[in-house]
Each structure stands twice: as C-alpha cells, then as structure tokens.
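Look first at the central strands, then at the rings, and finally at the cysteines. The text below goes through them in that order.

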Amino acid sequence: MGQVVFVTAFKGGVGKTFVSASVAGALTALGKKVLAIDGDFGMRSLDMLLGCDSSALFDASDVISGVCRVGDALIKAEHPGRPDFMPAPQIYDGAEIDRVRTSELLAYLKSVYDFVIIDSSAEYSGYYSALAGCADRALIVTSHSSASVRAAGKAAATLAASGLTDQRLVINMYRRDMAKKGAFPTAEEIISASSVRLIGIIPYDVHAAADGELGRIAFSGEGSRIRPYEAAAVNIAYRLCGNEVPLFKGVFRTMRKKAYLT
C-alpha cells in the first residue's frame with residue numbers, strides 16, 4: 001500500500017509546485033511508482049513543470065464526479081524518470097466535491113502507486129479539505145522569508161486541526177550565505193517559528209527556474225552531474241522512504257547522478 005503526500009503552503013510564490021514536481025521526479029528516480037496530482041483546481045500549473053501541459057483531456061474532478069474513469073484522466077509517463085500525472089480542471093466553478101468519491105479515488109490510487117503526490121492550492125477550500133483529508137502526511141513548503149514562514153505555521157495549524165498531524169517542513173530557495181550574514185533567518189529560526197519538523201532544505205539554485213520553464217524535473221534533465229536542487233530533492237525522497245541521510249548530502253558538491261542514486 002502506497003502513501004499520499006499532500007504538498008501545501010498558504011502563501012503563493014514559495015515554490016510549492018516546484019517542490020511537488022521535484023520530489024515526484026526524485027522518487028521516480030529511486031525506482032518508486034509515482035503519481036503526481038494537480039490539486040490546485042482552476043489555477044493549475046503542475047502540468048507545465050512536468051512538461052505535459054497540452055496532454056489533458058479529463059482531470060481529477062471528472063473522475064470524482066463520475067464523468068470519466070480513473071484511467072481516462074491519467075497521463076502516463078512517456079519517458080523514464082517521470083511520474084504519471086493526473087491534472088486539475090482548468091476552470092473550476094467552486095462547487096463542492098464529493099468527499100466519499102475523493103476518498104475512494106485516493107484509496108484506489110494508493111493500491112496502485114508507491115507514492116501519490118498532491119500539489120495543493122494555496123487557499124483553504126472545500127476541495128482542499130477533501131484532498132487533505134485523504135493524505136497520510138503533509139509537506140509544508142516555505143521559502144526563505146519571514147512572511148512565508150508565518151504562512152507555513154498557519155498551514156500546519158489548519159491541517160492539524162483537521163486531523164493531518166504527520167507534517168514535515170521543506171525550506172525552499174534557502175540562501176545559506178545570506179543566513180550566515182544575518183540578512184535572512186537561519187534554518188533553525190525557520191523551524192522554530194513554524195513549529196514543524198524539518199524534512200529537507202532546497203537551496204537557491206539558478207538552474208531550478210530554467211529547468212522548470214523547459215518542463216524538466218529533478219533527474220529528468222540533461223547532464224550527468226547532479227544540480228544542487230536535485231540533490232536536495234533526492235534527500236527528501238530518501239527520507240520519505242524511511243531512510244536517514246545527512247541534511248545537505250551532495251547539495252554543495254558536484255556528484256554524478258548515477259553515483260548519487262546507488
């Protein structure tokens with residue numbers, strides 16, 4: 001039986017979708033069977049980072065409402081190292097989704113996949129609550145700023161109140177040099193302020209935005225050397241699988257991708 005991981009943040013621009021795509025790609029690189037679901041109804045963008053923005057005919061809401069079968073809304077990975085994908089509706093009228101059908105869908109997907117990664121919206125809503133209610137754990141994403149850390153704490157409290165207490169923090173776009181100078185909060189200060197246990201830190205990496213524009217995710221791009229954000233994503237993936245790895249393993253030194261995964 002697989003697990004559902006709900007990736008969330010209550011502030012836009014922190015890189016939540018980037019983290020979802022990167023962790024999904026890293027888990028796939030580790031040999032796991034992975035499905036990425038765009039849970040941001042009406043504001044979808046995960047398809048663009050996965051490089052399949054023109055492939056969707058049906059979406060998650062169609063499956064939940066009974067318009068189509070599960071297989072009709074699945075976009076199977078065409079290339080090795082990429083997860084399968086289920087898109088969100090491009091236009092969403094705000095109607096409540098059926099919680100029972102949502103639960104049945106996620107239960108079925110857990111029986112098929114090792115990991116189901118849900119990229120949530122940045123706002124609490126009925127469908128946000130329905131999807132979060134089916135999750136086994138949450139990854140709460142913050143960027144390297146005090147405002148996003150406060151939003152992370154709010155997301156954590158909201159999910160805990162609804163029963164999702166298995167939470168881990170991902171610090172994205174971390175500027176270690178600026179933290180050392182005192183210009184930005186340190187990792188320890190971010191963890192303390194958010195009150196969420198850390199699972200990984202993704203450093204600021206100039207390659208991340210460029211790869212995202214090209215629809216490349218962790219370990220799917222060109223080159224034999226691992227990029228800093230890819231190493232951080234794989235570290236998070238290892239921890240999701242129950243393994244212990246050093247916090248910054250491979251992040252600040254060049255390694256070959258194949259060597260890193262062995």
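What follows is a walk through selected parts of the model.

The model is predicted, so local features need pLDDT of at least 70 and side-chain atom pairs count only at pLDDT 80 or more, while totals for chains, interfaces and linings use all residues. Residues are numbered from 1 along each chain as its sequence is written, and side-chain values use heavy atoms, with hydrogens and water left out.

Begin with strand 5, residues 137–143. Helices (H or I, at least four residues) and strands (E, at least two) are DSSP runs, numbered from the N terminus. Of the 7 residues of strand 5, 7 are buried, so the strand is largely enclosed by the rest of the structure. Buried stands for under 20% relative accessible area, exposed for over 50%, and partly exposed for values in between (1.4 Å probe, protein chains only). In a regular strand the side chains alternate between the two faces of the sheet. In strand 5 both faces are covered: one side carries R137, L139, V141 and S143, the other A138, I140 and T142, all buried.

Strand 5 pairs with strand 1 and with strand 6, where pairing requires that DSSP finds at least two bridges between two strands. Strand 1 (residues 3–8) runs parallel to strand 5 and is joined to it by 4 bridges; T8 has I140 as its bridge partner in strand 5. Strand 6 (residues 167–174) is also parallel to strand 5, over 6 bridges, and the partner of T142 in strand 6 is I171. Strand 5, helix 7 (residues 146–161) and strand 6 form a right-handed β-α-β unit. Right-handed means that, with the strands pointing away from the viewer, the path from the first strand over the helix to the second runs clockwise.

Three residues of strand 6 can be taken in turn. L169 belongs to this strand and is buried, at a relative accessible area of 0%. Leaving out residues up to four places away in sequence, L169 touches I140, T142, A152, I190, I191, S194, V196, R197, L198, I199 and G200, where contact means heavy atoms within 4.5 Å. The C-alpha atoms of L169 and S194 are separated by 8.3 Å, although the two residues are 25 apart along the chain. N172 also lies in strand 6 and is buried, with a relative accessible area of 2%. The contacts of N172, with the same sequence neighbours left out, include V14, F18, V141, H144 and I202. M173, also in strand 6, is partly exposed at 32%.

M173 has a phi near 60 degrees, a positive value in a residue other than glycine. Most residues other than glycine have a negative phi, and most peptide bonds are trans. S195 also has a positive phi, near 60 degrees. S195 is located in the loop between helix 9 (187–194) and strand 7 (198–203) and is exposed, with 65% relative accessibility.

Now turn to the rings. Rings of Phe, Tyr and Trp (its six-membered ring) pair if their centres lie within 6.5 Å; planes under 30 degrees apart count as stacked, over 60 as edge-to-face and the rest as tilted. This rule gives 8 aromatic pairs. One of them, F10 with Y128, is tilted, at 5.8 Å centre to centre and 55 degrees between the planes. The pair links distant parts of the chain, 118 residues apart: F10 is in the loop between strand 1 and helix 1 (16–29), and Y128 is in helix 6 (residues 126–132). F10 is buried at 18%, as is Y128 at 1%.

The rings of Y92 and Y127 have centres 5.1 Å apart and planes at 80 degrees, so this pair is edge-to-face. Y92 sits in the loop between strand 3 (84–86) and helix 5 (99–112), and Y127, 35 residues apart from it, in helix 6. Y92 is partly exposed at 23%, whereas Y127 is buried at 7%. F6, F10, Y124 and Y128 form one aromatic cluster.

Two charges sit over rings, by the rule that NZ of Lys or CZ of Arg is within 6 Å of the ring centre and within 35 degrees of the ring normal. K33 lies over the face of Y113 at 5.3 Å from the ring centre, and R175 over that of Y204 at 4.5 Å.

How many disulfides does the structure hold? There are 0, a disulfide being a pair of cysteine sulfur atoms within 2.5 Å. The sulfur of C68 is 16 Å from the closest cysteine sulfur, in C52, which is too far for a bond. C68 is buried at 10%, and C241 is partly exposed at 29%.
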